[in-house]
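Here are some short exercises on reading a protein fold. Try each task before you read its solution.

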Amino acid sequence: MKSTTLDRIAPVLAILRANPALREVRPAVFHLHGRDFVHFHDEEEGLVADVHLAKGQIRMPVATQQEQADLLERIDQTLAALERHSSG
């Protein structure tokens, strides 16, 4: 991934890196419980994240701050649901 792309999503990466449930296995590629959870890449349509949520893998645009906030909200919801499920 280009360094300019990493710079554009640096705030998102910092939040994901701070989450103890996630492990960054390569730059901008995160695993949850040893499995692919979210990764970022450039596509023709722009900067996107592929993320595994409760309903399976989805592709979300992350070029703007609002799109990045939407992604983080979806990730938080998924991780909270997994935590509730595993503790219940």
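**Exercise 1.** In which sense do S3 and strand S4 pair, and over how many bridges?

*Solution.* Note that the model is predicted. Step one: locate the partners. S3 covers residues 35-43, and S4 covers residues 46-53. Step two: read the pairing. S3 and S4 run in the antiparallel sense, over six bridges. Step three: pick out a pair. Aspartate 42 stands opposite leucine 47 in S4. Step four: find the link. Two residues form the hairpin connection from S3 to S4.

**Exercise 2.** Describe how strand S2 meets S3.

*Solution.* Step one: S2 spans residues 29-32. Step two: S2 pairs with S3 in the antiparallel sense, over four bridges. Step three: leucine 32 has arginine 35 in S3 as its bridge partner. Step four: look at the turn. Two residues lie between the strands of this hairpin, and histidine 33 takes a positive phi near 55°.

**Exercise 3.** Place these strands in the whole chain and judge the overall size.

*Solution.* Step one: count the elements. The protein has three helices and five strands. Step two: put them in order. The pattern along the sequence is α-α-β-β-β-β-β-α. Step three: test for a compact globule. For 88 residues, the expected radius of gyration is near 12 Å; the protein has 13 Å, so the value agrees. Step four: add the dimensions. The C-alpha trace spans about 40 × 20 × 20 Å along its principal axes.

**Exercise 4.** What percentage of the residues is buried?

*Solution.* Apply the cut-off: buried means under 20% relative accessible area. Buried residues make up 34% of the 88 residues.

Conventions: Residues are numbered from 1 along each chain as its sequence is written. This is a predicted model: local features need pLDDT of at least 70, side-chain atom pairs count only at pLDDT 80 or more; totals for chains, interfaces and linings use all residues. Side-chain values use heavy atoms; hydrogens and water are left out. The radius of gyration is taken over C-alpha atoms; the globule rule is 2.2 Å times the number of residues to the power 0.38. Buried means under 20% relative accessible area, exposed over 50%, partly exposed in between (1.4 Å probe, protein chains only). Two strands pair if DSSP finds at least two bridges between them.
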